[in-house]
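Here's a walk through one protein, to be read with the model open beside the text. Keep the sequence handy too.

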Amino acid sequence: MITFTRLKYLSFAHSAIYLSLLAVWISGGPEELKLILGWCHGIGWIVMSLLCIYAVRIRVIPLWLAVMVAVIGGVGPFAGSIGFVVYERRAAPAEGPLERGMV
């Protein structure tokens, strides 16, 4: 089952893989590790894109968030992760969560 929370955590994991790839590339790490992380990033981006397109169809996430993940996320998956945080904060009530005795 596709939920907003699962997509958000998958996006964070994809961003962590990409950050690891960048760190290994900048530090001049082993080619095998670059290859593995590169494949994980590429396949992760394809999977995230397909999941987000499906999530838009079943109305789990809005279209603009799927575009952030699928289009901009290919270059920098951090945009998708930021999009999930922004959408979550916009959906939260302005007063904060209700607590006992507030009403």
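What follows goes from the overall layout to one helix, then to its ring pairs, the core and a few single residues.

Before anything else, bear in mind that this is a predicted model. The layout is easy to take in: the protein has four helices and zero strands, so to speak an α-α-α-α run when you read from the N terminus. Of the 103 residues in the protein, 32% are buried. As for the outside, the protein exposes about 7,100 Å², and 70% of that comes from carbon and sulfur atoms. If you take the contacts between residues at least 6 apart in sequence, 60% of them join residues at least 24 apart.

Let's start with helix α1, which runs over residues 4-27. Its 24 residues reach 35 Å from the first C-alpha to the last, close to the 34 Å expected at 1.5 Å a residue. Just after α1 comes Gly 28, with a positive phi of about 75°.

Which residues of α1 are buried? The list is Phe 4, Leu 7, Lys 8, Ser 11, His 14, Ser 15, Tyr 18, Leu 21 and Val 24. Look at the spacing in that list with this in mind: an α-helix has 3.6 residues a turn, so residues three or four places apart point the same way. And what covers these buried residues of α1? The cover includes α2 (31-57), α3 (63-70) and α4 (78-91).

Now for the rings. The model holds five aromatic pairs, and two of them are worth a visit here. In the pair of Phe 4 and Tyr 87, the ring centres are 5.5 Å apart and the planes stand at 50°, so the pair counts as tilted. Phe 4 sits in helix α1 and Tyr 87 in helix α4, so this pair ties together parts that are 83 residues apart in sequence. The two partners can be told apart by their accessibility: Phe 4 is buried, with a relative accessible area of 16%, whereas Tyr 87 is partly exposed at 28%.

Tyr 18 and Phe 78 form another aromatic pair, this one edge-to-face, with 5.6 Å centre to centre and 65° between the planes. Here too α1 meets α4: Tyr 18 lies in helix α1 and Phe 78 in helix α4, so the pair ties together parts that are 60 residues apart in sequence. Tyr 18 counts as buried at 14% relative accessibility, while Phe 78 is partly exposed, with a relative accessible area of 32%.

Go back to Phe 4 for a moment. Ring pairs link Phe 4, Trp 64, Phe 84 and Tyr 87 into a cluster. Trp 64 has a charged neighbour as well, since Arg 90 lies over the face of its ring at 5.4 Å from the ring centre.

Phe 4 and Phe 84 also turn up in the largest nonpolar core. In soluble globular proteins, nonpolar side chains tend to be buried together. Here the largest core has 11 residues in all: Ile 2, Phe 4, Leu 7, Met 48, Cys 52, Ala 55, Ile 61, Leu 65, Ala 66, Val 69 and Phe 84. The elements that give two or more residues to this core are α1, α2 and α3.

Pick Leu 65 out of that core and see what it meets. Leaving aside residues up to four places away in sequence, Leu 65 touches Phe 4, Gly 80, Gly 83, Phe 84 and Tyr 87. Three of the ring-cluster residues, Phe 4, Phe 84 and Tyr 87, are on that list.

Farther along α1 you come to His 14. Is His 14 buried or exposed? At 7% relative accessibility, His 14 counts as buried. Its contacts, with residues up to four places away in sequence left out, are His 41, Gly 44, Trp 45, Gly 73 and Pro 77.

Two leucines round off the tour. Leu 63, in helix α3, is exposed, with a relative accessible area of 57%. Leu 63 and Cys 52 are 11 residues apart in sequence and 8.7 Å apart in space, C-alpha to C-alpha. Leu 33, in helix α2, is partly exposed at 35%. From Leu 33 to Ser 20 is 13 residues in sequence and 9.7 Å in space, again C-alpha to C-alpha.

Terms used. Residues are numbered from 1 along each chain as its sequence is written. This is a predicted model: local features need pLDDT of at least 70, side-chain atom pairs count only at pLDDT 80 or more; totals for chains, interfaces and linings use all residues. Side-chain values use heavy atoms; hydrogens and water are left out. The expected span of a helix is 1.5 Å times one less than its number of residues. Buried means under 20% relative accessible area, exposed over 50%, partly exposed in between (1.4 Å probe, protein chains only). Contact means heavy atoms within 4.5 Å. Rings of Phe, Tyr and Trp (its six-membered ring) pair if their centres lie within 6.5 Å; planes under 30 degrees apart count as stacked, over 60 as edge-to-face and the rest as tilted. A charge sits over a ring if NZ of Lys or CZ of Arg is within 6 Å of the ring centre and within 35 degrees of the ring normal. Accessible areas come from the Shrake-Rupley method with a 1.4 Å probe; for residues, only the protein chains shown count as cover. A nonpolar core is a set of buried Ala, Val, Leu, Ile, Met, Phe, Trp, Tyr and Cys residues joined through side-chain atoms within 4.5 Å.
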